[in-house]
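Open the model in a viewer and keep a selection box ready. The stops below say what to select next and what is there.

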Amino acid sequence: MTPSVHRRRPVLFVIAAAAFAGAIFLGWRSIDRHAVAAESIPARPALRGWPAELGDKIAVAEKTATGYRRPSTGLAALGRLYHANGFYDEAIQCYAGLQRLEPHAARWPHFQAGIFAEFGRLDEALPLQRRAVALEAGYLPARLRLGDVLLKSNQTTEATRVYSDVLSREAGNPYALLGLAKCALALGDWTKAREHLEQAIKLHPEFVGALSLAVTVSEHFGDAARATALKTAMGKREFNDLTDPWMESLADDCYDPYRLSVAAALAKFAGDPKAARRRLERAIELAPAAGSYRRQLAKLLLQTRDYAPARQQLEKAVALEPADADAWVLLIEALTVTGDSGAAQRAITQGLASCPQSAALHQVSGEKFAAVGRHAEAIAAFKAARRLRPSEAGAYIDLALVYLQLDRIDEAVTELKGALAVQPGHPLALGVLARHAIDTNDQAAAREWIRQLRLSRVSRDDLNAILAQFQQHFGHAP
């Protein structure tokens with residue numbers, strides 16, 4: 001045997017030994033991961049009433065989780081399925097196992113913290129949310145959630161630091177500014193809270209969270225005019241929670257139509273109408289006899305100018321739920337915008353027959369009558385709308401506009417003042433009253449209406465036009 005062969009034998013032995021040791025290590029590691037996944041699989045809950053597909057997917061995920069090749073993949077799929085469909089205890093068990101299998105993945109503590117926080121278990125949520133932030137420093141929704149949990153846990157100073165850190169990473173983030181305002185209020189600093197809220201509103205004029213809290217702050221400072229203007233700006237819009245792509249991705253595993261409709265609303269708010277449409281179509285597939293999801297989809301389709309499918313969904317919606325006045329109103333809109341005036345008029349008649357107490361349908365009916373000069377019918381319809389919904393300005397203003405066309409000035413002024421009584425600062429009502437005061441040479445009244453207009457959300461062009469009319473009529477600025 002040659003010397004070179006003798007020299008190679010020890011080397012080959014070392015290599016073989018290392019490979020053997022590595023195989024043993026990997027084998028034991030695979031066994032250990034398998035054991036962790038197996039003990040993290042929860043008992044399957046009762047699924048009566050749920051689609052069979054959900055049970056099938058759970059079974060596949062369980063099988064993968066109990067295997068030796070991809071236990072974490074199976075456990076992740078299982079956790080998402082349970083979380084997405086509201087089986088929270090089961091999801092928590094899965095996520096606890098995933099944190100052992102994938103200790104460097106931020107998603108699992110973030111998901112688990114979200115469940116705990118939703119049910120007020122803040123002491124359990126806080127360390128998990130801290131861990132998620134530590135693992136994924138650049139994921140701002142996790143930081144914002146941490147700030148929220150700290151604030152609710154009365155750890156205001158640290159919450160302030162967290163929100164400020166978000167702003168250093170994303171200037172002007174509306175939820176961070178809102179969080180700082182809440183922190184300031186918790187510390188009794190109303191002035192600082194107002195500063196944060198005004199900045200948020202300046203950067204994000206439609207942000208309901210800031211608008212709503214700013215009303216409270218304005219009322220605290222006795223600024224009734226500002227509070228009124230903020231309420232007008234807010235209207236009937238609802239607060240939308242922050243965009244959290246990780247959480248929102250759970251909708252892909254959802255078999256609950258209501259949860260899908262909520263996820264669709266979040267996707268729409270986040271500027272993703274395609275995802276919103278996909279989730280609503282899935283909700284309809286799961287609950288084909290529910291008209292409300294069809295109405296929600298149709299509203300989205302109207303906003304994206306997909307008129308034909310919107311009409312189809314609305315026709316099905318009112319057939320399924322004739323008492324859904326909102327669906328009738330949207331159907332009339334779809335028919336009107338596509339030029340089918342005959343069908344629109346029939347829909348008004350059918351809608352009012354099914355929903356005689358709907359202010360919105362009476363309002364639409366009045367608008368149609370007014371548009372073709374049928375003033376008596378328009379007045380009757382607007383009066384019905386005003387009676388059914390006396391706290392909103394729309395019917396008052398529409399009545400006033402009809403009265404103005406008929407030169408019934410005193411009645412028009414009464415309706416406009418009625419509109420301002422229920423919705424102070426309404427720019428259209430103020431504008432019409434200002435123009436009327438100018439035309440009737442009532443300089444003092446014109447100045448007062450213009451003063452209120454400046455505090456409202458009137459457009460700059462409309463305000464300038466009224467100021468120019470005042471200048472031309474009286475020969476000087478108001």
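Which residues does Leu-81 touch, not counting residues up to four places away in sequence? Select Leu-81 and look for Leu-54, Lys-57, Ile-58, Ala-61, Asp-253 and Tyr-255. The model is a predicted one. Leu-81 sits in helix α3, residues 71-84, and is buried, with a relative accessible area of 4%. For a sense of scale, add Asp-462: the C-alpha atoms of Leu-81 and Asp-462 are 53 Å apart in space, and the two residues are 381 apart in sequence.

**Salt bridges**

Keep Asp-253 selected and add Arg-80. These two form a salt bridge, with the closest N and O atoms 2.8 Å apart. The pair links distant parts of the chain, since Arg-80 is in helix α3 and Asp-253 is in the loop between α13 and α14, 173 residues apart. Both ends are buried: Arg-80 has 16% relative accessibility, and Asp-253 has a relative accessible area of 15%.

A search of the whole structure finds 23 salt bridges. Next, select Glu-195 and Lys-192, whose closest N and O atoms are 3.3 Å apart. Both lie in helix α10 (residues 190-203), three residues apart, which is about one turn of the helix. In an α-helix there are 3.6 residues a turn, so residues three or four places apart point the same way. Glu-195 is partly exposed at 45% relative accessibility, and Lys-192 is partly exposed at 36%.

Then go to Arg-408 and Glu-411, where the side chains meet in a salt bridge of 2.7 Å, N to O. Arg-408 is partly exposed, with a relative accessible area of 32%, and Glu-411 is partly exposed at 33%. For a network of salt bridges, select Glu-53, Arg-282 and Glu-285 together.

**A buried acid without a partner**

Select Asp-244, in the loop between α12 (224-234) and α13 (245-248). How far away is the nearest side chain of opposite charge? That side chain is Arg-145, at 4.2 Å, and Asp-244 is buried yet has no salt bridge. The cut-off for a salt bridge is 4 Å between a side-chain nitrogen of Lys or Arg and a carboxyl oxygen of Asp or Glu, so the distance of 4.2 Å does not qualify. Leaving aside neighbours within four places in sequence, Asp-244 is in contact with His-110, Tyr-139, Pro-141 and Arg-145.

**Aromatic pairs**

Nine aromatic pairs are found in the whole structure. Select Tyr-88 and Phe-119: this pair is edge-to-face, at 5.3 Å centre to centre and 65° between the planes. Tyr-88 is in helix α4 (residues 88-101), while Phe-119 is in the loop between α5 (107-118) and α6 (122-135), 31 residues apart. Tyr-88 counts as buried, at 14% relative accessibility.

Move along to Tyr-95 and Phe-111. Their ring centres are 5.5 Å apart and the planes are at 45°, so the pair is tilted. Tyr-95 is in helix α4 and Phe-111 in helix α5, 16 residues apart. Tyr-95 is buried at 0%, and Phe-111 is buried at 0% as well. Finish this stop with Trp-50, Tyr-82 and Phe-87, which form one aromatic cluster.

**The cores**

Tyr-95 also belongs to the largest nonpolar core, which has 115 residues; those with the most contacts inside it are Tyr-95, Leu-197, Leu-314 and Leu-361. Helix α18 gives the most to this core, with nine residues. Another core, of 33 residues, lies apart from it; Ile-397, Ala-412, Ala-429 and Leu-433 are among its members.

**Helix α16**

Select residues 291-303. At 1.5 Å a residue, the 13 residues of this helix should span 18 Å, and the end C-alpha atoms are 19 Å apart, which agrees. The buried residues of α16 include Tyr-293, Arg-294, Leu-297 and Leu-301. Show α14 (257-269), α15 (273-286), α17 (307-320) and α18 (325-337), which are among what covers them. Just after α16, Arg-305 takes a positive phi of about 65°.

**Last stops: two loops**

Asp-407 has a positive phi near 60°, in the loop between α22 (394-405) and α23 (409-422). Asp-407 is exposed, at 59% relative accessibility. Asn-441 has a positive phi of about 65° although it is not a glycine. Find Asn-441 in the loop between α24 (427-439) and α25 (443-455), exposed with a relative accessible area of 51%.

Note on methods. Residues numbered from 1 in each chain as written. Predicted model: local features only at pLDDT ≥ 70, side-chain atom pairs only at ≥ 80, totals over all residues. Heavy atoms only, no water. Helix = DSSP H or I, 4+ residues; strand = E, 2+ residues; numbered from the N terminus. Buried < 20%, exposed > 50% of the residue type's maximum accessible area, 1.4 Å probe, protein only. Lys, Arg positive; Asp, Glu negative; His and termini not counted. Contact = heavy atoms within 4.5 Å. Expected span 1.5 Å × (residues − 1). Core = buried A, V, L, I, M, F, W, Y, C linked by side-chain atoms within 4.5 Å. Phe/Tyr/Trp six-rings, centres within 6.5 Å; stacked < 30°, edge-to-face > 60°.
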